[in-house]
Amino acid sequence: MQVKHPIDSVCIMTDIVLPGETNPLNNLFGGELLARMDRAASIAARRHAGHIVVTASVNHVAFNRSIPLGSVVTIEAKVSRTFTSSMETFIDVWIEDRESGEKTKANEAIYTFVAVDEAGKPVQVRPIEPQTEIEKSRYDAALRRKQLSLVLAGKMNPHDATELKALFM
Ligand SMILES: CC(C)(COP(=O)(O)OP(=O)(O)OC[C@H]1O[C@@H](n2cnc3c(N)ncnc32)[C@H](O)[C@@H]1OP(=O)(O)O)[C@@H](O)C(=O)NCCC(=O)NCCS
């Protein structure tokens, strides 16, 4: 199968925070951000796979900074590693200073997607080869995140999570 690179899947979405999307503190509602990240990440995963993809799990979300009403938000999603049918996708969220246009990282998340056929059955995806330093470090850590996600979902015996166990030895 043809190897692809993380850059081939990149999806960048820029949007504004409107009044109906905020919490009582006038910051972006967390569920709204989760949905926006899911949309961007699913496009990235679909670009990599060339198939329908479904969200299998949300592995990590860090709401490090609140995002005020009126902010211009940029979400960048890229596939960081593929396995057989599943793909780990990294999402970085930036907000833009109204006057200078300077971007500050606000949040990040990691979602897992599975490529499926029309019947919803998992199908194999192409391998991926990281190129930049950050892509390489995300690629290297992805297997232990997958094992942790499977253990937490009750789909893997912790004794079989060798990569994860190696962290504590
Ligand atoms: C995701 C889904 C296709 C997995 O189906 P399944 O029958 O469990 O299939 P498998 O056990 O063969 O798993 C398929 C892949 O998903 C991975 N996977 C399943 N659950 C996972 C989890 N919680 N975390 C990480 N990976 C997971 C498996 O490791 C496997 O990866 P691999 O092929 O790369 O090794 C199925 O559970 C599904 O359709 N879920 C609903 C998805 C959906 O509707 N999402 C929208 C949100 S409601």
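Which residue in strand 5 is the bridge partner of Thr55? In this predicted model, the partner of Thr55 is Phe113. The pair belongs to a longer contact between two strands: strand 2 and strand 5 run antiparallel and are joined by 10 bridges.

Strands 2 and 5 are part of an open sheet of 5 strands, arranged in the order 1-3-4-5-2 with antiparallel pairing. Strand 1 and strand 2 form the edges of this sheet, each pairing on one side only. On average, and with direction ignored, neighbouring strands of the sheet are turned by 25° against each other.

Two helices lie across the sheet. Helix 2 crosses strand 1, strand 2, strand 3, strand 4 and strand 5, and runs at about 45° to strand 3. Helix 3, which covers residues 133-152, lies across strand 2, strand 3, strand 4 and strand 5, and its angle to strand 3 is about 75°.

Helix 2 comprises 20 residues, from 30 to 49. At 1.5 Å a residue, a span of 28 Å is expected for this helix, and the end C-alpha atoms are 28 Å apart, so the expected and modelled values agree. The buried residues of helix 2 are Leu33, Arg36, Met37, Ala40, Ala41, Ala44, Ala45, His48 and Ala49. These buried residues pack against helix 1 (6-9) as well as strand 1 (11-16), strand 2 (52-63), strand 3 (72-82), strand 4 (86-96) and strand 5 (103-116). Gly50 follows helix 2 and has a positive phi, near 70°.

The UniProt record, an unreviewed entry, places the feature "domain: HotDog ACOT-type" at residues 7-119. In the model, this span is 20% helix and 48% strand, and its end C-alpha atoms lie 29 Å apart.

Outside the annotated span, Leu164 was examined as a single position. Leu164 is found in helix 4, which covers residues 162-166. Leu164 has 18 C-beta neighbours inside 10 Å and therefore counts as partly exposed, because a buried residue needs 20 or more such neighbours and an exposed one has 12 or fewer. When neighbours within four places in sequence are left aside, Leu164 is in contact with Arg144, Gln147 and Leu148. Between Leu164 and Arg126, the separation is 38 residues in sequence and 24 Å in space, taken from C-alpha to C-alpha.

Definitions and conventions: Residues are numbered from 1 along each chain as its sequence is written. This is a predicted model: local features need pLDDT of at least 70, side-chain atom pairs count only at pLDDT 80 or more; totals for chains, interfaces and linings use all residues. Helices (H or I, at least four residues) and strands (E, at least two) are DSSP runs, numbered from the N terminus. Two residues are in contact if their C-beta atoms, placed from the backbone, lie within 7 Å. The expected span of a helix is 1.5 Å times one less than its number of residues. UniProt positions are given in the numbering used here, feature names are shortened, and annotations may be inferred rather than shown by experiment. Two strands pair if DSSP finds at least two bridges between them. Axes are lines fitted to C-alpha atoms, for helices over the stretch in contact, and angles run from 0 to 180 degrees between N-to-C directions.
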